[in-house]
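Let's take a friendly walk through this model, starting where the chains meet and then moving on to a pair of helices and a single residue.

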There are 2 protein chains.
Amino acid sequence: MGGDHAPGPEVEGAVAAVRERIAKVVLVGDEARLREALRKLDAPKDVAVRHASEVITMEDHPAHAAKSKKDSSMRVAFELAKRGEVDAVVSAGNSGAMMACGLFVMKRLHGVDRPGIVTTFPTRGGVCALIDMGANVECRPQTLAQFAVLGSVYARALHKKPRPRVGVLSNGEEAMKGTELTRNAHRLLAQNVEKDFEYVGYVEGRDIFGGDVDVVVTDGFTGNVVLKTSEGASQVLFELIREEIMRTAGGKLGALLLRGAFRRLKRTLDVDEYGGAPLIGVDGVAILCHGRANAKALKNGIRVAAEFAEDSLVASVSAAIAKHAALWPTDAAQASGS
Amino acid sequence: MGGDHAPGPEVEGAVAAVRERIAKVVLVGDEARLREALRKLDAPKDVAVRHASEVITMEDHPAHAAKSKKDSSMRVAFELAKRGEVDAVVSAGNSGAMMACGLFVMKRLHGVDRPGIVTTFPTRGGVCALIDMGANVECRPQTLAQFAVLGSVYARALHKKPRPRVGVLSNGEEAMKGTELTRNAHRLLAQNVEKDFEYVGYVEGRDIFGGDVDVVVTDGFTGNVVLKTSEGASQVLFELIREEIMRTAGGKLGALLLRGAFRRLKRTLDVDEYGGAPLIGVDGVAILCHGRANAKALKNGIRVAAEFAEDSLVASVSAAIAKHAALWPTDAAQASGS
């Protein structure tokens, strides 16, 4: 119920997922509104509805709302997952509250410092995963080191890359660059420990799109800035192209001839195709869709959620965190000063 | 001598600037190589050369090199400016060393916490300045508050915007978002103090390109990531467009008809037209060009340097810092705990 246009796209996406036999769906929220939306779509009878009386809004303080709004659609959905009544949660609501519900209800997996949210960028010839896209504004070095592990589990599972190349986002490639945080994270990841991924060191903003790195690790503040900067840069570029094209008759004819090319391109760049951003590191499957996500994006979010539940992504994350534990200090070791 | 292709583009840009009567130029560096490059261009006799035996490379540690390489072309150029033998320095060398030379040789202007480097982005219908693009990786809240003042002096002088709209880059528009640094900077800038600019609060990555903000303030780490992310996103978008267009015969014909539009667009987006990034807050004029800058970019860098020297930008910065001093705590006030 907390998406920008809820519950319209949510219900439509869910109905499409059920019709395409992607998953069974339980809609959580205002029962009257959900039933009405289902009726309008002439939905199959087996789309379940679970009433929740409250809504976490985009303006709510994430942690506070996740704690206090106990009957909010988001919180109730997470409770259903915790009790095993559903296998995954999909939401287009408040991303911070999603993180908070993950922490408070699903709980962190053993050994995980902070869960992270992964997003996917189109690149030269493929895709690149970025973690964290906004959940953790202030990070510790071990958080970033773990993001490398979490991101590579995701890249293996969703992008089918058996040994992902992982880099830490910095303001230059040389090891002396970066902040204290990135330098310490780099030191942890560069350790001579057997890894399920290839650590490539520092990468820069432009490398995200270059095709030479599969997972880019950064704190949630920088990750959010990267996501929105690239959205803004692409959008203004498209608008400038359109303006220039429409200035002349020849341009208009050219544009007509290029319609197919632009349509294919739009599909390549369409974030709705990627099916949302998973919250990784919690004991459950939770997929975050954009607040403005349309029905297609929500359906694809449900598809990814179903895949993750079927592939036991949570077990893979647990195993990967345990396997790479030598990369980061345990909090006990830190406390004793070693 | 420290640019990626030095001294070729530097000499060519300088000669063009002299021929177009933009400025008189002193080339600083290896005298034999500079004289040879001048001879090849059949340059006017009045392009001066000042020998310097060392070069600060891109791999050098900025502060260390700026201090120890006393006869480097960059350091010597800054010394010439300090002694008043030249009015401005233009370089395509190591940006960190440029910052360090600014600090050690030109020195900070009275009241300035840290100088910043400004860069310009094309936007919907205009341009937007971003400060800092990489000189200051770790910033204090008062540094960002001062960047708002420095950036608006620049936007007034170079972008001809009488009352720039200034925002602090964050991961959301709500005041509770951001890091401790951005929240404290926001608190300083939101004070009810008369300003020469309009403080608009937090802005997000996509707002840089939206046309509703004239100056975006951020730390040098994030600024550098923003700059390189937008370069990377635009470049991959252009490549995807080209690929899609070339797939079909109709597309190729369309591309032919659109040649003019793409050429005009390239000019709009051409960073070489913007003439480099000034280091603001030091007692002198210093313009940083991209390491890969071509002759045109260097000529435009010289043009901006000449404008700044003629318009007494340094005096404007001094006056603006003094005028807005109520925005930030003085270090003395901080030390006494007030």
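Two residues are in contact here when heavy atoms of theirs come within 4.5 Å. By that rule, the contact in this predicted model takes 60 residues from chain A and 60 residues from chain B.

**Where the chains meet**

About 5,100 Å² is buried between chain B and chain A, and carbon and sulfur atoms give 68% of that area. Three residues of chain B are worth finding on your screen: R206(B), F221(B) and L237(B) supply 13% of the area that chain B buries against chain A, more than any other three residues.

The interface has its polar side too. The rule finds 6 salt bridges across the interface of chain B and chain A. R206(B) forms a salt bridge with E231(A), where the closest N and O atoms are 2.7 Å apart. There are also 10 residue pairs in polar contact between the two chains, with both residues at pLDDT 80 or more.

Which helices of chain B each supply at least two residues of the side that touches chain A? They are α7 (180-189), α8 (220-245), α9 (249-257) and α10 (259-269). Of the elements of chain B, α8(B) gives the most to this side, with 21 residues. Sorted by character, the residues on the side of chain B that touches chain A are 25 nonpolar, 20 polar and 15 charged.

**One residue at the interface: T229(A)**

On the chain A side, T229(A) lies in helix α8 (residues 220-245). Is T229(A) buried or exposed? T229(A) has a relative accessible area of 1%, and the cut-off for buried is under 20%, so T229(A) counts as buried. Leaving out residues up to four places away in sequence, T229(A) touches G205(B), R206(B), I208(B), F209(B), V226(B), T229(B) and S230(B). Within chain A, a polar atom of the T229(A) side chain lies 2.7 Å from the backbone oxygen of V225(A). For a sense of distance, the C-alpha atoms of T229(A) and A148(A) are separated by 22 Å, with the two residues 81 apart along the chain.

**Two covered helices in chain B**

Now turn to α4(B) and α5(B). Why can α4(B) be called largely enclosed by the rest of the structure? Because 8 of its 10 residues are buried. Helix α5(B) is mostly covered, with 9 of its 12 residues buried. The table sets out the two helices.

| Helix | Buried residues | Positive phi just after the helix |
|---|---|---|
| α4(B) | S73(B), M74(B), R75(B), V76(B), A77(B), F78(B), L80(B), A81(B) | G84(B), about 80° |
| α5(B) | A97(B), M98(B), M99(B), A100(B), C101(B), G102(B), L103(B), V105(B), M106(B) | K107(B), about 75° |

What packs around them? The buried residues of α4(B) pack against β1 (26-29), β2 (48-51), α3, β3, α5 and β10 of chain B. For α5(B), what covers the buried residues includes α3 (62-68), α4 (73-82), β3 (88-91), β9 (277-280) and β10 (285-288) of chain B.

Helix α5(B) covers residues 95-106 and reaches 15 Å from its first C-alpha to its last, close to the 16 Å expected at 1.5 Å a residue. At the start of α5(B), a side-chain oxygen of N94(B) comes to within 3.0 Å of the backbone nitrogen of G96(B).

How values were computed. Residues numbered from 1 in each chain as written. Chains lettered and ligands numbered in written order. Predicted model: local features only at pLDDT ≥ 70, side-chain atom pairs only at ≥ 80, totals over all residues. Heavy atoms only, no water. Buried area = accessible area lost by both parts, 1.4 Å probe. Salt bridge = Lys/Arg side-chain N within 4 Å of Asp/Glu carboxyl O. Polar contact = N/O pair within 3.5 Å; in protein donor to acceptor, adjacent residues only side chain to side chain. Helix = DSSP H or I, 4+ residues; strand = E, 2+ residues; numbered from the N terminus. Nonpolar A, V, L, I, M, F, W, Y, C, P; charged D, E, K, R; others polar. Expected span 1.5 Å × (residues − 1). Buried < 20%, exposed > 50% of the residue type's maximum accessible area, 1.4 Å probe, protein only.
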